[in-house]
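This report looks at two sheets and the nonpolar cores of one protein chain. The sequence and structure come first.

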Amino acid sequence: MDAPRRQAVVPVPGSGTARRRFLGLCAGVGLGAAAACDKTAPAHRSTGPASRLPEAERDRPGTDDWRIGSLGALDAIAGYTDRVSVTPGEEVGLAVSTTAAAFRVSALRVGWYGGKPARRVWWSPRIPGRAQPPPGIVPGTRTVRADWRRTLTMDTTDWPEGAYLLRLEAESGHQRYVPLIVRSTHGAGRTVLLHAPATWQAYNRWGGLSLYAGADGSYAGRSLAVTFDRPYDQNGAEKFLVYEWAAAVLAERLGVPLAYTTGTDVHADPGVLAGAAAVVCLGHDEYWTPEQRRHVTAARDAGTNIAFLGANTCFRRIRVEASDSGPGRTVVCYKSAYTADPCFPSRPALVTTDFRAAPGADPESSLTGVLYEGYPVDAPYVVTAPDHWLYEGTGVRAGERFDHLVGVEYDRVVPGATAPGPLEITAHSPLVCTGRHSHSDSAYYTVAGGAGVFATGTMRWVEALMAATGDGSRHHGMDAATRAFVTRTTENLLRAFAEGPAAHHRPAPRPNTRQVYGTDSA
């Protein structure tokens with residue numbers, strides 16, 4: 001399903017002509033040629049150890065200057081890369097549109113640098129700015145594509161593995177991010193952080209459409225496929241910053257051996273999962289291909305621990321397809337319009353709808369242990385098993401509540417649903433969602449190969465790591481006590497999972513679904 005295909009592109013109404021453009025200002029050239037666009041300054045790299053492994057970063061000088069000061073208008077500055085991820089040393093192209101006369105780019109690696117959460121690894125010279133054409137749209141799938149000319153090419157030699165924010169810095173003072181993962185090729189003995197660009201792209205409304213809404217805001221007018229060939233909306237990295245950034249900073253602070261990849265990379269090549277100590281799925285990782293799910297499940301069965309730090313994980317079945325701009329650039333999900341999917345009805349396992357839905361029903365609970373149930377919700381998190389090893393050192397008691405920690409989407413254990421092994425509910429939180437009374441559950445289970453799997457059951461877990469810090473993020477009213485509880489629990493989880501198959505060195509789950517739900521169904 002990844003064969004290139006050329007798609008007709010028509011202008012977005014009122015946007016002018018849009019077509020493929022790769023040649024032009026600094027098109028296809030490296031750093032030397034990028035600098036040649038303006039001879040006044042060379043490109044800069046931070047100096048230090050040559051190791052590209054994340055643990056070599058801890059003693060490097062960090063920076064507090066990583067945030068965006070002013071977004072400006074939508075067209076002030078924006079951009080996107082021609083690859084979702086690269087390995088260290090590979091080149092990546094960057095297409096930028098700006099109304100400013102010139103701009104610069106800073107490559108900021110997310111991490112832990114003596115209390116500072118980023119390091120500026122590389123920065124560009126002054127680059128002449130230009131406004132790129134408005135986007136076009138692929139009529140059949142209502143896919144918005146920018147198809148801008150490449151502005152510069154970055155050589156990632158000496159860029160350590162990790163999560164990066166490319167900050168576009170216009171001379172007008174306005175800025176936006178472009179996210180990039182410098183991925184690992186080997187994860188043996190490491191905790192693999194699994195970033196979720198397919199989910200970022202699904203919600204991206206740059207150009208007016210996403211997998212949720214059309215130009216008129218209606219669900220019926222939504223895109224049926226979205227592309228990485230366009231900028232992200234808002235600040236350029238909103239989903240990453242809300243649902244992933246704080247977990248990456250915490251993992252780096254702990255000093256556990258880390259590896260970095262994305263769901264779309266695991267879809268294409270699961271090699272980074274071989275022998276991994278753990279895989280950590282972050283705060284919102286909704287869109288998975290069947291191949292990604294199969295590869296993560298196989299890693300679990302081989303002894304790799306899995307952590308789900310959000311809710312709604314692995315809910316949507318997608319395909320990742322090539323376009324004429326390259327492999328893996330298109331995310332396809334027909335959802336409720338699945339009968340229009342070209343794979344229907346001949347290849348039901350590839351039809352892009354919810355994993356639990358016909359025609360290829362395969363509920364996500366066989367991997368996650370929990371099932372997504374609803375949105376929106378705001379409820380306290382209620383501890384059920386305070387003596388569980390996950391909560392060691394938190395001082396929690398049975399029935400203790402942490403206000404607002406359950407939201408905005410939630411998962412639960414469903415008695416009688418597919419469960420992969422003995423499962424213990426560690427938190428059981430009453431809630432009301434759209435008038436319906438239910439519960440959110442945190443759950444832990446193990447499998448025969450020794451792997452442990454933990455699911456938080458709430459999408460606010462990663463957000464809570466920054467609650468009441470005054471950093472400007474949205475915290476939904478969560479307080480410092482909630483932050484302390486979530487931080488310590490996550491530390492316990494990451495340290496334990498980094499040691500290898502959790503069933504071999506941590507207490508076994510105590511199956512309690514019947515007790516918690518008062519049912520004869522396990």
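Axes here are lines fitted to C-alpha atoms, for helices over the stretch in contact, and angles run from 0 to 180 degrees between N-to-C directions. The model is a predicted one. Helix 4 lies across strand 14 (191-195) and strand 16, and its direction is at about 160° to strand 16.

Strand 16 belongs to an open sheet of 7 strands with mixed pairing, in the order 16-14-17-19-27-26-25. Strand 16 (258-262) and strand 25 (423-433) are its edge strands, each pairing on one side only. Within this sheet, strand 17 (residues 278-281) and strand 19 (residues 305-308) run parallel and are joined by 4 bridges. Val280 stands opposite Ala307 in strand 19.

Another open sheet has 3 strands in antiparallel pairing. Strand 15 (225-227) and strand 21 (319-323) each have a single partner strand, so one side of each lacks a neighbour in the sheet. Strand 15 pairs with strand 22 (residues 326-332) over 3 bridges, and Thr227 stands opposite Thr330 in strand 22.

| Sheet order | Average turn between neighbouring strands, direction ignored |
|---|---|
| 16-14-17-19-27-26-25 | 15° |
| 15-22-21 | 45° |

The largest nonpolar core has 73 residues; Phe240, Trp245, Leu309, Tyr381, Leu405, Phe485 and Phe497 touch the most other members. Helix 4 (residues 245-254) supplies the largest share of this core, 8 residues. Beyond its neighbours within four places in sequence, Trp245 is in contact with Trp66, Val110, Pro117, Phe240 and Met466. Another core, of 29 residues, lies apart from the largest one and includes Cys281, Trp288, Val296 and Ala455.

Note on methods: Residues numbered from 1 in each chain as written. Predicted model: local features only at pLDDT ≥ 70, side-chain atom pairs only at ≥ 80, totals over all residues. Heavy atoms only, no water. Pairing = 2+ DSSP bridges. Helix = DSSP H or I, 4+ residues; strand = E, 2+ residues; numbered from the N terminus. Core = buried A, V, L, I, M, F, W, Y, C linked by side-chain atoms within 4.5 Å. Buried < 20%, exposed > 50% of the residue type's maximum accessible area, 1.4 Å probe, protein only. Contact = heavy atoms within 4.5 Å.
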